[in-house]
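Here is a short walk through one protein chain. Keep the sequence and the 3D view side by side as you read.

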Amino acid sequence: MSGSLKLDIIGDIHGQLGALSALGASLGYEVNQGWDHPHGRLPVFLGDLTDRGPHSLEVAELVMGLVRRGRGLCLMGNHEYNLVAHWLKILPPRYDRPKKDNAATAADMAARPERWGEVLPFLRDLPICLELSGLRLIHAVAHVPSLEQV
């Protein structure tokens, strides 16, 4: 990545698609046209795309599309980690059942397995840290033993 990137750093969306769209528009993104920016800016999502809000899947799909098209960057947050660990049934600790914060999203995973089936591998493969020219971004903490399990 070039040191001349113009970034907008966005944290903890938690399934709030409407708020994310409003934020993107206020930052100058054409949110209804692929999140292009007239000045070539890129959104960087610091994780926690999911849980709490009603549109976890839609937010994750949006961000996945942006990242795959080179129109955004994204880190893994603890909520993505918990969903992936539940999906993979990581033991120990007990990820065979969802954590309280992930329960509604886990139920949605069961209700829409085809769409989540595309998103979960994307979430699993997100980096936990981005090192750019003069800038290091991380969601919270890099606990290597946990990450090695997913």
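The text below goes from the whole chain to its core, then to helix pairs and single residues.

This is a predicted model. The chain has 150 residues. It holds six helices and five strands. Start at the N terminus and follow the elements: they run β-α-β-α-β-α-α-α-β-β-α. Three helices thus stand in a row in that order, between the third strand and the final pair of strands.

How much of the chain is buried? Of its residues, 41% count as buried. The chain exposes about 7800 Å². Carbon and sulfur atoms supply 54% of that area. Now look at the contacts between residues with a separation of 6 or more in sequence. Residues 24 or more positions apart account for 71% of these contacts.

Next comes the interior. The largest nonpolar core has 27 residues. Within this core, the residues with the most contacts are F45, L49, W116 and L123. Which helices feed it? Helices α2 (56–68), α3 (78–88) and α5 (113–124) each supply at least two residues of the core. The largest share comes from α2, with six residues. A second core lies apart from this one. It has nine residues, including L42, V44, L132 and L137.

Pick out W116 and look at what surrounds it. Neighbours within four places in sequence are left aside here. W116 is then in contact with T50, S56, L57, L83, T105, D108, M109, P121 and L123. One of these, L123, is also among the residues with the most contacts inside the largest core.

Now turn to α3 and its two helix partners. The first pair to view is α3 with α4, which covers residues 103–111. Their axes are 11 Å apart, and the helices pack at an angle of about 50°. Angles from 35 to 65 degrees fall outside the parallel and perpendicular classes, so α3 and α4 are oblique to each other. Their crossing is right-handed. Where do α3 and α4 meet? On the α3 side are L83, H86 and W87. On the α4 side are T105, A106 and M109.

The other partner is α5. Here the axes are 9 Å apart, and α3 and α5 pack at an angle of about 120°. This crossing is left-handed. From α3, the contact is made by E80, L83, V84 and W87. From α5, it is made by W116, L120, P121, L123 and R124. L83 and W87 thus appear in the contact with α5 and also in the contact with α4.

Two single residues close the tour. Find D8 in strand β1. Is D8 buried or exposed? Its relative accessible area is 10%, so D8 is buried. Beyond its neighbours within four places in sequence, D8 is in contact with L27, Y29, R41, L42, P43 and V44. Two of these contacts, L42 and V44, belong to the nine-residue core.

Then move along to Q16. Q16 sits in the loop between β1 (7–10) and α1 (17–26). With a relative accessible area of 35%, Q16 is partly exposed. R52 is 36 residues away from Q16 in sequence. In space, their C-alpha atoms are 8.2 Å apart. Not counting residues up to four places away in sequence, Q16 touches R52, G53, P54 and V59.

Key
Residues are numbered from 1 along each chain as its sequence is written. This is a predicted model: local features need pLDDT of at least 70, side-chain atom pairs count only at pLDDT 80 or more; totals for chains, interfaces and linings use all residues. Side-chain values use heavy atoms; hydrogens and water are left out. Helices (H or I, at least four residues) and strands (E, at least two) are DSSP runs, numbered from the N terminus. Buried means under 20% relative accessible area, exposed over 50%, partly exposed in between (1.4 Å probe, protein chains only). Contact means heavy atoms within 4.5 Å. Accessible areas come from the Shrake-Rupley method with a 1.4 Å probe; for residues, only the protein chains shown count as cover. A nonpolar core is a set of buried Ala, Val, Leu, Ile, Met, Phe, Trp, Tyr and Cys residues joined through side-chain atoms within 4.5 Å. Axes are lines fitted to C-alpha atoms, for helices over the stretch in contact, and angles run from 0 to 180 degrees between N-to-C directions. Angles under 35 degrees count as roughly parallel, over 145 as roughly antiparallel, 65 to 115 as roughly perpendicular and the rest as oblique. A crossing is left-handed if the near helix is turned anticlockwise from the far one by less than a right angle, and right-handed if clockwise.
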